[in-house]
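Please look over the structure shown here before reading on, and keep it in view while you work through the points. The briefing begins with a question and then moves from topic to topic.

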Amino acid sequence: MWMIELPAFVPFFIGALFAAFTRGALRNALMLAVPIVSAIHLWMLPESVNVQFAFLEYQLIPYRVDKLSLMFGYVFHIAALIGIIYSLHLKDTVQQVSAMLYAGSGLGAVFAGDLLTLFVFWELLAFTSVFLIWARRTQRSYTAGMRYLIIQVLSGVILLVGTLFYAAENNTLEFSYIGLEGVGGWLIFIAFGIKCAFPIAHNWLTDAYPEATVTGTVFLSAFTTKVAVYALARAYPGTELLVYIGAAMTCFPIFFAVIENDLRRVLAYSLINQVGFMVVGIGIGTALAINGAVSHAFNDVIFKGLLFMSMGAVLHMTGKINGSELGGLYKTMPKTTILCIIGAASISAFPLFSGFVSKSMVMSAALEEGYDYIWLMLLFASAGVFHHAGIKIPYFAFFAHDSGIRVSDPPKNMLLAMAISAGLCIAIGIYPQALYSVLPYDTGYNPYDATHVLAQTQLLFFSALAFVWLNLKGFYPPELPSTNLDFDWLYRRVVPGVMQTMFSKIWQADRALREGFKSKLTLGLSFISGRDNRTSRFLSQNYPSGSMAMWVAVVLATYLLLSFIH
Amino acid sequence: MKAEKKYLFDDPKNTKRVLLFLYISCALLVILDFVIHRHIAHDWENVWAFYPIYGFVGCSILVFVATWMRTFLMRDENYYDKQDSTKVDAHHVDD
């Protein structure tokens, strides 16, 4: 039964080959067929598959299917299909090939059963996705892509070192519960944390995603961080540290999101915020919390994709993405506006939209386990999400002041991709049981009781009221063309600045030292020559070039002679 | 020049209607608090209109703090681009 054991990344890598060598309608058809065929294949799999072979002394499991990995496998297929539909109009082989390879790498990583296989796909994720950033073909995207690549590869290297330590400590490479014990456990945790955009390791995301292409960002938002969430859920469930890290991730990005002008960067910050909810869930570690984290990852891939797609549509049609330059687009982009609002409602977790049915699980779990202050932080973050992603994104792009830009809705394929996502957001919101049935645990959770619905609706409506009040009173910070300093300031400005100053100081000292030595030497020589006429003559003696020629002749003659003797 | 088509929110009355809808909904939601019996999972939820107050105050604080953060975090749009170009210049001088 080799068909069952065919890993999910294989069809995507073959699809990348197709994409490289075909063009036009044929390429589109083949690219669409790949995720569909692969998804059917995945759907028909038994609940657990283990492909193993021995490598050196270790048992490698390049393909392992269980409930947790299946969940991510499903959503990655959905994301890949939606992303491919969204980019059907593209005629850029680089992007199409790298998107296929990237999606395949994501699948390879979630179905990896050992740490070495995970490492390989971990690095492939970085190398294949960076082309989606570079494909923008601007100076900015080039440098942002470089920074992205360096950080991602660094994460991979730390993972490899951690794996080696882990293998030495535990004598196994199996990728299952690891925990924060030993050097290996900590190093792997840090590697996962970098890809998961933990605070202070988060700027690769807000730096690079907004610089990627219109379609590239849609792919990027789906895979990298979710692979990291999966890895944490697999290896560190119930690690209390994650609760605090996750809570920090939910709160700090929303402040940056409120004052950010680039609307895709606002979404990048809100992506960190959403991943924070998942990290909290993994940290709490109960069945309900893990279910919440995993299902929120599932939903986030879809609604965040939808939001990135709608902003991508705006960028594609207007060539602009800054809130300060947009506004009033609802007039001529009504379909995009409505689809964007559906995404916004989902991420804000309005009842009947997908975010609500998953986020509430994490919140309930936090309360149940007695994390009161964490729960308050999550509640604040929930209100904040609605504020910056739910209202700000649609408001400044489609409403607010009229920018005078009159562009039509984007091409049909883009609209279709957004419509599919929007449909899924609503379907999951209305009928969450479908989603719950594929979750790792059966908790019998029901999000639609009066308490939850009322509390969440109150929270959101009064957040909206605050937005209106602040706007009418003129307290709301206007969208301004600006750059806001974040942690990356440290490595983009401070460290290079310090290094530059340090090196210029070193060069200066070096130059001064050498100049000083040279002048001392000259001084010494002139002193000697002034002191003693004989040495001066000796030092300035000339040899005629004739004598040089003679000596060369002598050497050659000797050489000739020697060769005869020999 | 042709006069442009009137769109939905070109009429200030429609904006007012949306706002009115929001105000009424908010009022209704607070009233519902008295009607619907909620399961209380935490003492804080017993505070009168806990969620509405938390949402409103939370968001206001969020915006005020974020606005204040602008005073020391905001630079102009090409901040990093300029940095890159000065670095290149400096490099040439050193060479």
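In which sense do strand β1 and strand β2 of chain A pair, and over how many bridges? Strand β1 (residues 49-55) and strand β2 (residues 58-65) of chain A pair in the antiparallel sense, and six bridges connect them. The model is a predicted one, and the points below treat its two chains, a helix pair, some individual residues and the contact between the chains.

**Chain A as a whole**

- Chain A contains 21 helices and three strands.
- Because the radius of gyration of chain A is 31 Å, well over the 24 Å that the globule rule gives for 566 residues, the chain is more spread out than a compact globule.
- Measured out along its principal axes, which is to say as computed spans, the C-alpha trace of chain A covers about 110 × 65 × 55 Å.
- Of the 566 residues in chain A, 53% are buried.
- If one takes the contacts in chain A between residues at least 6 apart in sequence, 81% of them join residues that are at least 24 apart.

**Chain B as a whole**

- Chain B has three helices and one strand, and these follow the pattern α-α-β-α when they are read along the sequence.
- Buried residues account for 14% of the 95 residues in chain B.

**The hairpin in chain A**

- Within the pairing of β1(A) and β2(A), A:Phe55 has A:Tyr58 of β2(A) as its bridge partner.
- The hairpin has two residues between its strands, and A:Leu56 takes a positive phi near 50 degrees there.
- As background to that value, most residues other than glycine have a negative phi.

**Two helices side by side in chain A**

- Two packed helices are described by the angle between their axes and the distance between the axes.
- For helix α3 (residues 67-86) and helix α12 (residues 287-318) of chain A, the axes come within 9 Å and cross at roughly 10 degrees.
- Angles under 35 degrees count as roughly parallel, and therefore α3(A) is roughly parallel to α12(A).
- On the side of α3(A), the contact is made by A:Leu68, A:Met71, A:Val75, A:Ile78, A:Ala79, A:Ile82 and A:Tyr86, while α12(A) contributes A:Val294, A:Phe298, A:Val301, A:Ile302, A:Gly305 and A:Met309.
- Sorted by class, the residues in this contact of α3(A) with α12(A) are twelve nonpolar, one polar and no charged.

**A buried serine in a helix**

- A:Ser105 lies in helix α4 (residues 93-110) of chain A.
- A:Ser105 counts as buried because it has 27 C-beta neighbours inside 10 Å, and 20 or more are needed for that label.
- Leaving aside residues up to four places away in sequence, A:Ser105 touches A:Phe9, A:Phe121, A:Leu124, A:Leu125 and A:Thr128.
- A:Ser105 and A:Phe12 are 93 residues apart along the chain, yet their C-alpha atoms are separated by 8.6 Å.

**Two alanines with a positive phi**

- A:Ala197 is found in the loop between α7 (182-195) and α8 (203-208) of chain A, and its phi is positive, at about 65 degrees, although the residue is not a glycine.
- With 25 other C-beta atoms within 10 Å, A:Ala197 is buried.
- A:Ala349 is found in the loop between α13 (334-347) and α14 (354-368) of chain A, and it has a positive phi of about 65 degrees although it is not a glycine.
- A:Ala349 is buried, with 28 other C-beta atoms within 10 Å.

**Where the two chains meet**

- Chain A gives 45 residues to the contact and chain B gives 41 residues.
- Among the elements of chain A that give two or more residues to the side touching chain B are α6 (139-170), α10 (240-259), α15 (372-398) and α19 (488-531).
- The element that gives the most to this side of chain A is α18(A), with 17 residues.
- By class, the side of chain A that touches chain B is made up of 29 nonpolar, eleven polar and five charged residues.
- A strand pairing also links the chains, since β3(A) and strand β1 (residues 74-75) of chain B run antiparallel and are joined by two bridges.
- In that pairing, B:Met74 of β1(B) is the bridge partner of A:Asn484.

Definitions and conventions
Residues are numbered from 1 along each chain as its sequence is written. Chains are lettered from A and ligands numbered from 1 in the order in which they are written. This is a predicted model: local features need pLDDT of at least 70, side-chain atom pairs count only at pLDDT 80 or more; totals for chains, interfaces and linings use all residues. Axes are lines fitted to C-alpha atoms, for helices over the stretch in contact, and angles run from 0 to 180 degrees between N-to-C directions. Helices (H or I, at least four residues) and strands (E, at least two) are DSSP runs, numbered from the N terminus. Angles under 35 degrees count as roughly parallel, over 145 as roughly antiparallel, 65 to 115 as roughly perpendicular and the rest as oblique. Two residues are in contact if their C-beta atoms, placed from the backbone, lie within 7 Å. Ala, Val, Leu, Ile, Met, Phe, Trp, Tyr, Cys and Pro count as nonpolar, Asp, Glu, Lys and Arg as charged, and the others, Gly among them, as polar. A residue is buried if 20 or more other C-beta atoms lie within 10 Å of its own, exposed if 12 or fewer, and partly exposed in between; C-beta atoms are placed from the backbone. Two strands pair if DSSP finds at least two bridges between them. The radius of gyration is taken over C-alpha atoms; the globule rule is 2.2 Å times the number of residues to the power 0.38.
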